[in-house]
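Me: I would like to learn how to read a few features of a model like this one, starting with burial and then turning to the ligand. Could we go through them one by one?

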Amino acid sequence: MKESQPIVITGFMGAGKTSVAVALARILNCSSVDLDRATTISNGRTPREIIEQDGEQLFRELETRSLQNVLRASSMRVVALGGGAWTLQINRDLINSHGGITVWLDPPFELCWERTVPTRGERPLATDQERARMLFTERRALYALAQLRVDVTRNKSIDQIAAEIVEALPVQRE
Ligand code: S3P
């Protein structure tokens, strides 16, 4: 893989995308960026605030715009997406056009659900367990379009997951 190719982490809410991106960037000695955070900074509102105040559709538009900006920034190498970003064709096209290597973090639903308990209020699309489970199930086929898939289990540490990703990358980085 080329130095300029971003590594893009996808997966459901609670999959551990942000933590794994940070750990991976540490191993690869590069920077990481969290798309939800980038969206928050450029709009002055969190994804939750945007979704609650203006609806999911506007959030998706703003999210795509920040993804464009993030991918344009050449220094950014590991990108943690929000859980819905990769499910949109426009975003997958953008990532692919930047040569992004996409990694799907794939934990069981129960683990995602448990992990989002402390921040559940921040995730308006995962307030109800049955609705969240349906979204999880619906999205699997789209997450499966990622180039790499990593099993996430309760007893695997963030560092272990990051190390697995490094192993699976097309060419080892220096
Ligand atoms: C969303 C996931 C959230 C955030 C927004 C929508 C989703 O990010 O982008 O609430 O559609 O799955 P995390 O996956 O980081 O929680």
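Reply: Let us begin with accessibility, bearing in mind that this is a predicted model. A residue counts as buried when its relative accessible area is under 20%, as exposed when the value is over 50%, and as partly exposed in between.

Me: With those cut-offs, is Asn 29 buried or exposed?

Reply: Asn 29 has a relative accessible area of 70%, and therefore it is exposed. Asn 29 belongs to the loop that joins helix 1, residues 17-28, to strand 2, residues 31-34. Its backbone also deserves attention, since phi of Asn 29 is near 55 degrees, a positive value in a residue other than glycine.

Me: Where does Lys 17 lie, and is it buried or exposed?

Reply: Lys 17 is found in helix 1, and with a relative accessible area of 8% it is classed as buried. Separation in sequence and separation in space can be read side by side here: Lys 17 and Val 103 are 86 residues apart along the chain, while their C-alpha atoms are 9.5 Å apart.

Me: What can be said of Phe 59 in the same terms?

Reply: Phe 59 is placed in helix 4, which covers residues 56-72, and its relative accessibility of 3% makes it buried. Phe 59 and Glu 49 are 10 residues apart in sequence, with 9.3 Å between their C-alpha atoms.

Me: Which residues surround the ligand, and how is that shell composed by class?

Reply: A residue is taken to be near the ligand if one of its heavy atoms lies within 4 Å of it. The residues around the ligand include Lys 17 and Phe 59, together with Met 13, Asp 36, Ile 51, Arg 60, Gly 83, Arg 123 and Arg 139. By class, the shell has four nonpolar, three polar and five charged residues.

Me: Which polar atoms of the protein lie close to oxygen atoms of the ligand?

Reply: The cut-off for a polar contact is a pair of N or O atoms within 3.5 Å. A polar side-chain atom of Asp 36 is 2.7 Å from an oxygen atom of the ligand, and an N or O atom in the side chain of Arg 123 is likewise 2.7 Å from a ligand oxygen. From Gly 83 it is a backbone N or O atom that lies 2.8 Å from an oxygen atom of the ligand.

Me: How much of the ligand does the protein bury, and which pocket does the ligand take up?

Reply: Taken alone, the ligand exposes 390 Å², of which the protein buries 95%. The space that the ligand takes is the largest pocket.

Methods
Residues numbered from 1 in each chain as written. Predicted model: local features only at pLDDT ≥ 70, side-chain atom pairs only at ≥ 80, totals over all residues. Heavy atoms only, no water. Polar contact = N/O pair within 3.5 Å; in protein donor to acceptor, adjacent residues only side chain to side chain. Areas by Shrake-Rupley, 256 points an atom, 1.4 Å probe, with all protein chains shown as cover. 1 Å grid on protein atoms, 1.4 Å probe; cavity = no way out; pocket = protein on both sides within 12 Å on 5 of 7 lines; lining within 4 Å. Sits in = over half its atoms within 2 Å of the grid points. Nonpolar A, V, L, I, M, F, W, Y, C, P; charged D, E, K, R; others polar. Helix = DSSP H or I, 4+ residues; strand = E, 2+ residues; numbered from the N terminus. Buried < 20%, exposed > 50% of the residue type's maximum accessible area, 1.4 Å probe, protein only.
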